[in-house]
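Open the model in your viewer, with sequence and structure side by side, and keep the selection panel at hand. The tour goes from one selection to the next and says what is to be found at each stop.

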Amino acid sequence: MKNKTTMSRESKRKLNGIYSMAIASIFSIVVFAYLPKVSGDVTYSFVLDKEWVLIQQWVIDSRVGAYGFSALSVLFTALAYYLFRKGKKHGIAIFGFSIGFFMAFLCWASAGDFVPFTGLLQGGLILAVPLIYGSLAGLVCERSGVINIAIEGQLLGSAFVAGVVGSLLQNAWYGLLVAPFAGALISVLLAVFAIKYRIDQVILGFVINVLVIGLTSFAAQRFLREDSEKWNESPILQPINIPILYKLPIIGPMFFSQTIIIYLLYVIIIVTQIALFKSKWGLRMRSVGELPVAAESVGIDVNKVRFRNVIIAGAIAGFGGAYFTVGSVGAFSREMTAGMGFIALAALIFGRWTPLGALSAALVFGFADQLRSVLSIAGTPIPSAFMMMVPYIATIIAVSGFVGRVRAPAADGIPYQRGGSH
Amino acid sequence: MSLELRGITKQFGSLVANDDINFKVEAGEIHAILGENGAGKSTLMNIVYGLLAPDKGQILVDGQEIKIKSPLDALAAGIGMVHQHFMLIPVFTVAENIVLGHEKTNRAGLLDLATAREEIIRVSKEFNFEVDPDALIEDLPVGIQQRVEIIRALIYNSKILILDEPTAVLTPQETDELLANMKKLRDSGRSIVFITHKLREVKAVADRISIIRRGKVVGTVQPSASQEEMASLMVGRPVDLTVNKADGKPGKTILEMVDLNVLDTTGRALASKINLTVSAGEVVAVAGVQGNGQSELAEAIVGLREHLTGSIKLSGNELIGRSVDECLKAGIAYVPESRELDGLISSFSITENLILDTHGEAPYSKGIFYKPAMAHQVALERIKEFDIRAQSANDPASSLSGGNKQKVVLARELSRPVELVVVCQPTRGLDVGSIEFVHQRLISERDSGRAVLLFSTELDEVFALADRIAIMYRGEIIAIVPATASREEVGLYMAGIRTATAKGGAA
Ligand SMILES: Nc1ncnc2c1ncn2[C@@H]1O[C@H](COP(=O)(O)OP(=O)(O)O)[C@@H](O)[C@H]1O
Ligand SMILES: [Mg+2]
C-alpha cells in the first residue's frame with residue numbers, strides 16, 4: 001500500500017511540475033513576446049577567446065526571438081507530458097524547456113543590447129564554484145547527520161588563510177594547499193561541539209559564522225591593512241588550458257580554460273556522486289545520517305563516522321574558500337563571501353541532498369547572479385534585486401514540495417548518544 | 001552454542017532495569033523470556049548484544065566468559081539480534097542493509113553487492129523467505145522487514161539468535177509463520193532467545209520459559225505450565241485471565257456509519273466505504289493490523305478528522321461537521337490510543353485530569369468560579385471506584401504507572417452521561433492486573449446498556465470482549481463476523497484475504 005501511494009504522489013508532483021511548465025510557457029509568450037511595445041535587435045556574441053569559431057555573432061529581433069524560444073518551451077512541455085504519459089523519464093524535456101524559457105527571457109530582457117553569451121556562461125560557472133564547493137561540504141556533513149550552517153564561516157576562514165599564506169610566501173599554490181586545513185579546523189569546532197557536546201547544531205553553526213566573521217574582519221582591519229603588501233597581496237592561480245578541449249566552441253573557454261580549483265571541483269563532484277551511493281564510505285555516511293542506532297547495531301562507530309565526515313566537509317569547503325582569494329582576486333577583504341555559504345545551503349536543499357542536484361542548483365544560482373550583473377550593465381526592465389532573490393525563491397519552492405519529494409536525511413541535526421535512544 | 005548470563009545488573013539513574021539476572025540458554029533450545037512492558041527484557045538483550053554496557057555481571061558463551069563492548073563483539077561471538085524496533089535503514093535496499101558494517105569492496109573501491117545478493121537469495125530459499133535483495137526497506141511490509149533482519153543474522157552466521165518482541169508487529173498468520181521458522185532455526189542447531197509478553201506464543205514454541213518481573217528473574221517454567229501460572233509470575237499475584245461475560249443483549253442502534261470515507265488533506269482515502277453500526281448493550285471490536293485505518297476511523301467518529309464524506313449518526317443525529325467538543329457532548333466517551341499524548345495532560349494533577357472536560361460546569365464551577373473542594377471530593381470518589389493507585393489526588397498524572405493513567409482516562413470519560421464508548425488500544429502497555437480491570441469495566445459498561453466500540457490490534461483482547469468483530473484492511477472493513485468466528489478466519493481477514501472460510505485451515 002505504502003509503495004502505491006508514494007508512487008502516485010510522486011507522479012502527482014511530476015504532473016504539477018509539467019503544469020507549471022505549461023503556465024510558464026504561456027507566461028513567456030504573453031510577457032516576453034506579446035506584451036512588449038517596442039522590440040529591438042539582440043546581438044549575441046559567442047566568441048570569448050582563442051577558441052575555434054563556430055559562429056561569431058547572432059542578431060535577432062527581440063520579439064521574434066521571444067516568440068521562437070517560447071514556442072520551443074511549449075514544444076518541450078508537450079514532450080514532457082508525452083513522456084510522462086508513456087511512463088518515461090522526462091528530464092531532457094525539462095532541460096529543453098528551461099533553455100527555451102531562459103532564452104525567451106533573455107531576448108526580452110536585452111532588447112537592443114549586446115549579450116556576450118559565452119561570457120555569461122563562463123561567468124555563471126565561476127560564480128557557481130564556491131557555491132558548489134559549499135554545497136558539497138554541506139552535503140557530506142548533513143548526509144552524516146550533522147547540520148552545517150557554518151559553510152559561510154568555513155568558506156570565509158579558509159579564504160582568509162589561503163590569502164594570507166599565499167601572500168606571505170608569495171605563492172598561490174601554498175595558499176591553495178593550506179585552505180582545506182583551515183576549513184577542516186573550523187569543522188573540528190563544529191564536530192566537537194555538535195557531536196561530543198551535542199550543542200544545538202543550528203545555533204552552533206551561526207555562532208561559528210559570527211566567530212569567523214569577527215576574527216577575520218578584525219585581522220583584516222588590524223594586520224592586512226597595515227602592511228598589505230606583505231599580508232594581503234597574494235598572487236593568484238593562473239588558468240590552465242586543457243589541450244584541444246579548450247578550443248571547443250562555447251564550452252571550451254567555459255569548462256577547460258580554468259584554474260586548478262575548478263578542475264579539482266570536477267573531480268570532487270564525480271567522486272562524491274559515485275562514492276555517496278556506491279562506496280563503503282558513502283553507505284556508512286548515509287546510514288549514520290538516516291538511522292544511527294541501526295548503524296551502531298551492526299558495529300559502526302556512529303560518532304567516529306560523523307566526526308570524520310564533518311572534517312572532510314570542512315576540507316571541501318576550504319577549497320571553495322581558497323577560490324575567493326588565491327583563485328580569483330588575490331587579496332582578502334572583510335566578509336568577502338557575502339552570504340555565499342547560505343546560498344550553498346539553499347543549493348543543497350534545492351538539489352535534494354545529492355551531489356548532482358546540488359551542482360545543478362548551484363549552477364542555476366550562479367547563472368542567475370551572472371545574468372543579474374550582465375543585465376544591470378545593459379539596463380533592463382527588471383530590478384536586479386529580483387534576480388538576487390532567485391536562489392531563495394527557488395529554495396522555498398523546493399522545500400514546499402511542489403517540484404518533487406525533498407527529504408532531508410532523517411537523523412540530520414540529531415546528536416547520537418550510545419544506548420540513549422530507547 | 002549456549003549463552004549464560006551471570007549477575008547482570010543495569011541501572012538507569014535510580015531505576016534498576018536489570019537486577020542481578022542469571023539465566024542460561026542451552027544450545028539448540030528456544031528459551032522464552034516473558035515479562036510485562038517495562039520489565040527490563042529489552043535492556044537485558046541490548047546488554048547481551050553490546051548496545052548497552054552492564055553495571056555488573058558476566059556473559060558466557062559456551063562456558064567461556066566474553067567481553068561484549070559493542071555489537072561487533074557480539075556478532076563476532078555468534079550472537080545475532082532481531083530488534084524490537086527494526087535496525088534497518090528505510091531508504092536502503094535489502095542488500096545495502098545487509099552489507100552495512102561488513103562491506104566488501106571490489107578492486108575499484110566500490111561496494112560489492114553481488115555477493116550479498118547471492119547470499120540473500122540462498123538464505124531466502126532455505127527458509128522460504130522470498131525477499132528481493134534490491135527492494136527498498138521502506139517499501140516492504142513489516143513482516144518482510146523482519147525477515148530481512150533474520151536473514152542478516154543468518155548471513156553473519158549467528159548461532160545464538162535474540163528475537164525481541166518479534167510478533168508485536170505481525171498479523172496472526174505472519175506470527176504463525178515466524179513461530180514455524182523459529183522451530184526450523186532451532187532444529188538447525190541454533191539457540192534462540194524469544195522475548196515476548198504474549199503467553200499463547202510462548203506456549204506454542206518455547207522449550208523453557210524464564211519470567212522477568214521488575215528487572216528480576218522470578219522463575220523458570222516449562223511450557224506445560226498453565227497460562228494463569230505464568231501470568232501470576234509476571235504480575236506477582238494471582239490473576240484471572242478469562243473475562244467473565246454473559247451474552248450481550250443488543251438494544252437500539254446507537255452509532256450508525258453509512259458509506260463513510262475519511263480522507264487526508266490531499267484527498268487520499270485513509271478509511272473508505274465504512275458501513276458499521278453499534279447497538280446499545282453491545283461490544284463491537286474493530287480488529288486489524290496496526291495502520292490499516294483504524295485510528296483514522298476512531299478519530300473521525302469523535303470529530304478529530306476534517307475531510308469526511310458519508311454519514312456518522314449517533315442516535316439519529318448527524319455528527320459530521322461537528323467539533324470534537326460537540327461530538328463528545330453529544331454522548332461519546334473517548335479513550336484515545338496514546339493516553340500520554342492525547343488522553344492526559346501529564347503535568348496536571350490527577351484531580352484536574354479527572355475533570356478536564358467538565359471543569360467549567362456544575363458542580364465544579366459556578367459562574368466564573370472554580371470550586372476546588374468539590375473537584376477534590378469527586379476525584380476521591382473516582383479514584384476509589386476505578387481503583388487508581390496514587391499517593392495523592394494532587395500528584396501530577398505523570399507520576400502514575402501506565403495502568404493507572406489509563407484508569408484516570410476511563411474514569412473521566414465513563415463518568416459522563418454517554419451513550420457510546422469509543423476505546424482505542426485500551427490495554428496497550430498495561431500490566432496484566434490493569435488489563436483485567438479495564439476489560440471487566442468495559443463489559444459492565446456494555447451490560448449497563450452503553451454501546452462500546454473497541455479498536456484493538458490484539459486478537460486476544462478482541463475475542464475476550466467483542467460481540468461482533470469488524471476487520472479493517474487497507475482502510476476498508478473487509479468483513480464483520482460474530483465473536484464465535486475462529487481465530488484463523490479473523491487472522492486471514494487481517495491479512496487481507498477475503499475468502500477466509502475457504503482457506504481457514506491453511507495456516
Ligand atoms: N535508555 C534508557 N534510559 C532510561 N531508562 C530506560 C532506558 N531504557 C529503558 N529504560 C527503562 O527501563 C525499564 C525497562 O525497559 P525495557 O528493557 O525496554 O523493558 P521491556 O523491554 O521489558 O518492555 C523501563 O522502565 C524503561 O523505561
Ligand atoms: Mg522491550
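Is V305(A) buried or exposed? With a relative accessible area of 12%, V305(A) is buried, the cut-off for that class being under 20%; since the model is a predicted one, this value, like those that follow, is computed from predicted coordinates. Select V305(A) and show the helix around it, α13, which covers residues 302-329 of chain A. If you then display the surroundings but leave aside neighbours within four places in sequence, V305(A) is in contact with R284(A), M285(A), V288(A) and I300(A). Add W281(A) to the selection as well: the C-alpha atoms of V305(A) and W281(A) are 8.9 Å apart in space, while 24 residues separate the two in sequence.

**Chain A as a whole**

Now widen the selection to chain A, where 17 helices and five strands can be traced. The C-alpha atoms of this chain fill a box of roughly 65 × 65 × 40 Å along the principal axes, and the radius of gyration of 23 Å agrees with the value near 22 Å that a compact globule of 422 residues would have. Of those 422 residues, 50% count as buried. If you draw the contacts in chain A between residues at least 6 apart in sequence, 76% of them join residues at least 24 apart.

Switch to a surface representation of chain A, and colour it by element: the accessible surface comes to about 19,200 Å², and 69% of it belongs to carbon and sulfur atoms. Then mark the charges of chain A, 33 positive and 19 negative, whose mean positions lie 16 Å apart.

**Two positive phi angles in chain A**

Select Q170(A) next, in the loop between α5 (151-168) and α6 (172-196) of chain A. Although Q170(A) is not a glycine, its phi is positive, at about 50°; the residue is partly exposed, with a relative accessible area of 48%.

Then move to W353(A), which is found in the loop between α14 (340-350) and α15 (355-378) of chain A. Here too a residue other than glycine has a positive phi, near 60°, but W353(A) counts as buried, at 7% relative accessibility.

**Chain B as a whole**

Turn to chain B, which has 18 helices and 22 strands. Its radius of gyration is 25 Å, close to the 23 Å that the globule rule gives for 507 residues, so chain B is as compact as a globular protein of that length. The box filled by the C-alpha atoms of chain B, again along the principal axes, is roughly 75 × 50 × 45 Å, and buried residues make up 54% of the 507.

With the surface of chain B shown, the accessible area is about 21,100 Å², of which carbon and sulfur atoms hold 50%. Chain B carries 55 positive and 67 negative charges, and their mean positions are 2 Å apart.

**The nonpolar cores**

Which residues have the most contacts inside the largest nonpolar core? Select L3(B) and I79(B), which hold that place in a core of 93 residues. The largest share of this core, seven residues, comes from helix α5 (residues 142-155) of chain B. Centre the view on I79(B) and, not counting residues up to four places away in sequence, look for the residues it touches, among them L3(B), V48(B), Y49(B), V61(B) and I162(B). Another core, of 67 residues, lies apart from this one and can be found by selecting members such as C141(A), A220(A), I269(A) and A344(A).

**Two helices of chain B**

Select α1 of chain B, residues 41-48: seven of its eight residues are buried, so this helix is largely enclosed by the rest of the structure. The buried residues of α1(B) include K41(B) and N46(B) as well as L44(B), I47(B) and V48(B). Just after α1(B), G50(B) takes a positive phi of about 85°.

For the last stop, select T175(B) in helix α6 (residues 172-187) of chain B. T175(B) counts as buried, at 4% relative accessibility, and, not counting residues up to four places away in sequence, T175(B) touches T167(B), L170(B) and E201(B). Finally add G143(B), which is 32 residues from T175(B) in sequence and 8.7 Å from it in space, C-alpha to C-alpha.

Notes:
Residues numbered from 1 in each chain as written. Chains lettered and ligands numbered in written order. Predicted model: local features only at pLDDT ≥ 70, side-chain atom pairs only at ≥ 80, totals over all residues. Heavy atoms only, no water. Helix = DSSP H or I, 4+ residues; strand = E, 2+ residues; numbered from the N terminus. Rg over C-alpha atoms; globule rule 2.2 N^0.38 Å. Buried < 20%, exposed > 50% of the residue type's maximum accessible area, 1.4 Å probe, protein only. Contact = heavy atoms within 4.5 Å. Areas by Shrake-Rupley, 256 points an atom, 1.4 Å probe, with all protein chains shown as cover. Lys, Arg positive; Asp, Glu negative; His and termini not counted. Charge placed at Lys NZ, Arg CZ, Asp CG, Glu CD. Core = buried A, V, L, I, M, F, W, Y, C linked by side-chain atoms within 4.5 Å.
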